[in-house]
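User: Please take a close look at one helix of this model and explain how it is packed against the rest of the chain. I would like one connected account, with the terms spelled out.

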Amino acid sequence: MRHTISTVLAIALAATIAGARSFTAIGEWIADVPTTEYARLGIDGTVPSESTIRRCLQRLEPDQLDALIGSWMWLHTNTTDGRG
């Protein structure tokens, strides 16, 4: 695997926040990101293509992803100094 799932998720999330509403739009968004910003998104080397992003995201179980993101958000918004 050339790209990690965390990298693909970071790209998809950032692109969606920036207004992307399709796999094509996510692919176009990442193609326009300056190479100086790649490390922030976890890109080490080549940028994943639109088809790679699409295939990775389509393999995810939506309910599990929703639960994981929800748990992460709850943890990061309901703790103070690492305590809940």
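Analyst: What follows is a close look at helix H2 and its surroundings. The model is predicted, so to speak of local features a pLDDT of at least 70 is needed, side-chain atom pairs count only at pLDDT 80 or more, and totals for chains, interfaces and linings use all residues. Residues are numbered from 1 along each chain as its sequence is written, and side-chain values use heavy atoms, with hydrogens and water left out.

Helix H2 spans residues 23–32; helices (H or I, at least four residues) are DSSP runs, numbered from the N terminus. Its buried residues are Ile26, Gly27 and Ile30, where buried means under 20% relative accessible area and exposed over 50%, with a 1.4 Å probe and protein chains only. These residues cover an arc of only 100° around the axis, which puts them on the same side of H2; the arc is that of the directions from the helix axis to the C-beta atoms. An α-helix has 3.6 residues a turn, so residues three or four places apart point the same way. Ala31 and Asp32, on the other side of H2, are exposed.

The buried residues of H2 pack against helix H1 (5–17), helix H3 (38–41) and helix H4 (50–58). With H1, the packing angle is about 95° and the axes are 9 Å apart, the axes being lines fitted to C-alpha atoms, for helices over the stretch in contact, and angles running from 0 to 180 degrees between N-to-C directions. H1 and H2 are therefore roughly perpendicular to each other, a term that covers angles of 65 to 115 degrees. Ile11, Ala12, Ala14, Ala15 and Thr16 of H1 make this contact with Ile26, Trp29 and Ile30 of H2, contact meaning heavy atoms within 4.5 Å. By class, the residues of the contact are 7 nonpolar, 1 polar and no charged; Ala, Val, Leu, Ile, Met, Phe, Trp, Tyr, Cys and Pro count as nonpolar, Asp, Glu, Lys and Arg as charged, and the others, Gly among them, as polar.

Ile26 and Ile30 also belong to the largest nonpolar core, which has 14 residues, and they are among those with the most contacts inside it. Such a core is a set of buried Ala, Val, Leu, Ile, Met, Phe, Trp, Tyr and Cys residues joined through side-chain atoms within 4.5 Å. H1, H2, H3 and H4 each supply at least two residues of this core, and its largest share, 4 residues, comes from H1.

How values were computed: Parallel < 35°, antiparallel > 145°, perpendicular 65-115°, else oblique.
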